[in-house]
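Thank you for making time this morning. I would like to walk you slowly through one structure, so please have the sequence and the picture open as I talk.

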Amino acid sequence: NLLQYVRRFWHNVRDETKGGAALAKLFLLSDQHFQDVNPVDCGWERCQPSHSFGPTARMYWLLHYVVSGSGVFESGGVGRPVRAGQMFVIRPLETTFYQADDRDPWEYIWIGFTSALTLPAPLREQAVVQHSGLSSIFSSVLRLEAMTQGRELYLCGRIFQLLSLLSERQPSENDYVEQARTYLASNYMMDISIAGLAGQLGLNR
């Protein structure tokens with residue numbers, strides 16, 4: 001259970017200025033100036049009731065995965081309820097506001113990064129994303145605490161895993177054409193039959 005793991009992992013990290021009621025952890029990262037994906041911010045927090053942030057805008061992508069509890073995320077002038085198991089998406093230069101519920105405040109893990117890639121449609125088009133695979137990706141981020149080197153590369157791996165997860169869809173005809181071209185270009189020296197090519201692409205002849 002991700003919630004139990006988080007609480008056990010951070011039980012000794014307390015914000016003394018708030019009477020020990022809040023838990024938080026910020027993972028320190030070095031800006032490696034990676035082009036495709038460059039992690040710049042990462043952490044975890046159990047928020048106090050009604051804790052809020054914003055309105056503000058950032059220069060990078062910022063993804064919050066809600067481990068437990070609930071709250072409200074506002075972007076584009078529209079407020080949306082967000083609950084455990086969902087991720088809310090903050091895009092570069094987008095003004096947002098978010099606030100924990102006053103009775104059941106959320107806990108979340110966040111990842112911030114810049115990217116030169118065209119990101120999957122859910123990140124570009126949706127304010128709140130839900131997918132069963134998000135939990136394992138974000139829980140693995142907590143392993144950064146035990147790492148003294150290579151945090152940025154490790155986090156790159158988790159971000160690419162997330163991008164792959166959100167890119168999953170049924171292949172189109174153009175996808176199959178491009179895969180066939182790539183396969184033929186890489187294996188031109190082999191005797192390739194139509195049936196063999198169809199098998200490689202997972203298609204019936």
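Let me begin with strand S3, residues 52–56, which pairs with S8 in the antiparallel sense over three bridges, and within that pairing Thr 56 has Thr 96 as its bridge partner. Please keep in mind throughout that this is a predicted model. S8 also pairs with strand S5, residues 70–75, again in the antiparallel sense, here over five bridges, and in this pairing Glu 74 stands opposite Phe 97.

Which side chains of S8 are buried, and which are not? Along this strand, residues 96–100, the side chains alternate, with Thr 96, Tyr 98 and Ala 100 pointing to one face and buried, while Phe 97 and Gln 99 point to the other face and are not buried.

Turning now to the sheet, we find six strands in the order S1-S2-S9-S4-S7-S10, which form an open sheet with antiparallel pairing. Its edge strands are S1, residues 23–26, and S10, residues 128–130, each of which pairs on one side only. If direction is ignored, neighbouring strands of this sheet are turned against each other by 20° on average. At the S10 edge, strand S7, residues 86–90, is joined to S10 by three bridges, the two running antiparallel, and there Gln 86 stands opposite Gln 130.

Two helices lie across strands of this sheet. Helix H3, residues 134–141, lies across S2, S4, S7, S9 and S10, and runs at about 85° to S9. H4 lies across S2, S4, S7, S9 and S10 as well, running at about 90° to S2.

How far apart are the end C-alpha atoms of H4? They are 24 Å apart, which agrees with the expected span, because 17 residues, 151–167, at 1.5 Å a residue should also span 24 Å. Many positions along H4 are listed as buried, including Tyr 154, Leu 155, Arg 158, Ile 159, Leu 162, Leu 163 and Leu 166. As a general point, an α-helix has 3.6 residues a turn, so residues three or four places apart point the same way.

Finally, a word on confidence. The mean pLDDT of the chain is 84, and 72% of its residues reach 70 or more. Over residues 7–21, however, pLDDT stays under 50, although the model does have 24 contacts beyond four places in sequence for that stretch. Where pLDDT is low, the predicted coordinates should not be read in detail.

Conventions:
Residues are numbered from 1 along each chain as its sequence is written. This is a predicted model: local features need pLDDT of at least 70, side-chain atom pairs count only at pLDDT 80 or more; totals for chains, interfaces and linings use all residues. Side-chain values use heavy atoms; hydrogens and water are left out. pLDDT is the predictor's confidence in each residue, from 0 to 100. Contact means heavy atoms within 4.5 Å. Helices (H or I, at least four residues) and strands (E, at least two) are DSSP runs, numbered from the N terminus. The expected span of a helix is 1.5 Å times one less than its number of residues. Buried means under 20% relative accessible area, exposed over 50%, partly exposed in between (1.4 Å probe, protein chains only). Two strands pair if DSSP finds at least two bridges between them. Axes are lines fitted to C-alpha atoms, for helices over the stretch in contact, and angles run from 0 to 180 degrees between N-to-C directions.
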